[in-house]
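These are my notebook entries on a structure that was new to me. I looked up one sheet and then one helix.

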Amino acid sequence: MVPREPFTLRRITSEDGLPNNRVQSMLQTADGYLWVGTAFGLARFDGVVFKVFDYGSGDFTKDSITALAVDSKGVLWVGTPDGLYQRVQQRFHRIGREQGLGNAEVRCLQALASGGVLVGASDGLYRVNGVVESVVPSVDVHRLQRLPGGQVLVQLADRWLEFHEASRKLIAPREEFSPGNRPAVILPLDEKGRRWAATPEGIFLKDKSSWRNLWVAPVDRRVSFDQIAVDSDGQPWFLGSSLGVLRLSGENDIVPAFTESAGIKKASVFFVDHEKTRWLGTADGLVQLHPRLAMSYTEAELSSGECRSLFEAPDGTVWIATAAGLDSIKQGVVQPSRGGLAAQSGSIYSVSVDAGGVVWFGKDGAGLMRLNPTDQAAAAVHLPYSTPKIRVLYHDFENQLWVGMDEGLVCLKDGVVQTFKGFEAFEGRRIRAVYRERSGTLWVGTDGFGICRLVGGDAKWYEGLTITDNRVLTIQGDSKEGIWVGTKRGLTYFNNGNFSLFTARNALPESVVNQVFERGDGYIWLSGLKGVHRLHRETLLSIALDKEVPIPCVTLNRADGMESSETSGGQQPAGSFTRDGRIWVPTGRGATAIDSARVQERVQLPKVVLEEVKAGAKLSRLFVDGYYDGQVLGAVGSQGKVVDVPSNQRDSLQIQYTANTFIQPSKVRFRYRLSELQKEWSEPMDRRVAVFTRLRPRHYTFEVQAMNLQGEVSPEIATFSFRVYPKLNESWWFGATVCALGTVGVASLLRVRWQRQRESIRAEVTSLERERTRIARDLHDDVGANMTGLGLKAQLAALEFPGEASAKLQELARDIRSLVDRMREVIWAVNPECDTLENLVNYLTHSVEGFLTAAGCRCRLDVPAALPRLPVCAEARHNLLSVTKEALNNAVRHAEASEVFVRIAVDPARLQLQIKDDGCGFDPDDTEIVRINGSGHGMGNMRKRIEDLRGVFTVRSSPGEGTEIVAELQLSDLAKVKIKSNGHNDTAASQRTSNQPQSKYDRNSATTQHR
């Protein structure tokens, strides 16, 4: 038997952000962070990002981290060769020789129930709780270990002693914790009441009254152990510096935890986190261990790695049909093929076992074969077809065998071919699946002809729109008397005459469904080309009529131990749900068994932690790791306390958060909102920062939640309450004071001037009247005359040219009045000093705010706080401004929106403009709406402007659901765009290179009409 790793391994090294590969200590704090002490610094890990504390950051005087501990108050303590450090309010405070800590070389730490920590050093034992107290001087402490009763054991060079906290003394232990007087690493008491000890001679167990030697150390190798720990299953692990990792298997066997191929040798730290994930600290980095959910049997054990079909026999044996023979696996051991089955030529496509244990299989070139449990060779079974290629073998509830072939369908009972009315409907239909209900109704799936329901000899075919695809791969009944049909394009559910269709577009993780598994526990399992997927049955059925609504799903693939994520299909059975709760699926690289019971361990509800809040142009820190202005706010947020945001920092606010989970952390999604402004949550996203700009003065509460792999939302909400203060000139008292002072000042000034000029007014009145008369005459004769002349010319021309020409001339005056506003935009567009990305985003933001404010429409903006200094040409700025104005005009005038959301996102390569309203929406295919609302060129013009910039323009809308417009452009294209006279991009100036990746929006764009 080929040895298998019982765990999947994820190696984390310095290339992933770990400060150093030599891991020396580990622990997890209550907020979920994993702290890793290395030879060159301390790291805090949330599953995605490491935050490093070391000499370079100014946190420690020496980088080596020798020990970690958390006391009863949640304070983190860090031991180093140059003293003890206590983390208080985001800072590490050193305790060393100056405070009485001997030579300051900390070897080990142990938290005390009364508070503080016990410190073991080479020159004594110390207790630190506010002050340093030398408990036992001049002893060489190697280890500290807490007993289940709360006592602390102290290991010296040659013996164990017990620390008596009340008397501050080391006393002889009241119990025997190791065999003899030999130095040992011990586990005083595990969950089963056993005591373990590891010495240079071996591993010992004391389960009753005496010690037993379960494992003897090799005589030719020097053995030492660093730790004994218990995993989440209650099994002990033994870490030795020269032996790698050992663990208990069964009751008395000590075995290597990994094969040599795993490459884990020098492991000194074992740790189990809150999610029951096992961790190893080694000299080569951090290793994360997950119990292997999928166990694969490959071509090294089977007659061929290309498996087509498999089935579980009544005795628990799993029979596997491969491209080179028939194999069987019982209790995890591959059995040798009997009767020369593996040596015979020809492929086996399907296999099934009847209630009596007889194995039936279809062999290419030989037809149907049967193998009795007591026979040594398989016998051929005659069928009314010559050497058919048998794709389907299915035993129904009456132990009848249904044989499906390209030529048709045959039924055998007790080895005799049965005849049924209606079977002629299946001739030449390429049978791929069969299922018979207890009522006698027969379902038959074909390759290219759909599915047939045969009742009393009457055949009814379902194809076309009734099922997802005519190429059927599997038919299975479920616990609710429904029928699942898997095809090459999705899944169909039949129940009480109703049909529900599911595809990769609206619900499924992929299109191909090779096999369906269901056991009545509320979930269904699907095997396909991307792995094995678990979906919640009721959730799937509840959205059957919705469109484009993906549902939560747990997917198992190569990361979980499968040799190949692509399962085999087109034969029946293409998998088996065995009695021990495992799902067996055939693949192109062997047979895989999945432990379905342990999948739930991967579905945790992550806890959100607020890490940091920055505000202002310089992004000053307001909140870091649960502290604000020296006050503890808590890891999950401000918890009712309000953080003040000064008026000069309100232009930008960044809130950074995370979820401390280590089970596929990259798949965690977040949603957030400002509860005072947004009733609805944001769309789930993997971003771990929220940015808000130009917040108005008021009180706000930011809320964020995390979602697990199944899309379930954590009930815990992390909150951050803050108050934005107004600027001086925005406060009510400032306006009142200015008005009062202005009134008094103006009154005083007028009075003084009136007194001084009372006599001169009469003399100046005549002169002033003459000057005003002259100005009026000049305006009338010059500017007025010219404007009148232009008006008369336009009017006379209107009389000479009837019809449309006359109407256009009459619009001339109105065009002149709008010229000034238009000129401002033109000046901005052509001004070379404005050719930057930052200026573009600022101008668009001000334009959006001004337009929507004037229209009385709510505005939500999401723009980057900091932008790269990149050039943007005049054509690009002009087109983007025009698209924005047209979209806002549509939202206000036609959609009658009450709120518009504008988002500008910038990454190193692209710029994305998103404009979304909550208006009436429209049907892009409804020509009547186009006729009523306009010529229909608005959307076309916007699309044309974006495509002139070599961008992608996308519109999504439906009646009553608002409209969303997305424009995506490459930053490199915005720098310089050359447009031909016919409106198409100039090839020489704008054609992309052939290896440039296609935008993700290219295949989702749709032709729409102006509303």
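I began with an open sheet of four strands, ordered E22-E23-E24-E25 with antiparallel pairing; strands here are DSSP runs of E with at least two residues, numbered from the N terminus, and two of them pair if DSSP finds at least two bridges between them. At the edges I found strand E22 (225–230) and strand E25 (253–256), each of which pairs on one side only. Neighbouring strands of this sheet are turned against each other by 25° on average, direction ignored, where the axes are lines fitted to C-alpha atoms and angles run from 0 to 180 degrees between N-to-C directions.

I should keep in mind that this is a predicted model, in which local features need pLDDT of at least 70, side-chain atom pairs count only at pLDDT 80 or more, and totals for chains, interfaces and linings use all residues. Residues are numbered from 1 along each chain as its sequence is written, and side-chain values use heavy atoms, with hydrogens and water left out.

Next I looked up E22 and strand E23 (residues 236–240), which pair in the antiparallel sense over five bridges; the bridge partner of Ala 229 in E23 is Trp 237.

I then turned to helix H5 (residues 837–855), a DSSP run of H or I with at least four residues. Its buried residues (under 20% relative accessible area, with exposed meaning over 50% and partly exposed in between, 1.4 Å probe, protein chains only) include Leu 837, Val 841 and Leu 852. Seen down the axis of H5, the buried residues fall within an arc of 130°, so they line one face of the helix; the arc is that of the directions from the helix axis to the C-beta atoms. On the other side of H5, Thr 853 and Ala 854 are exposed.
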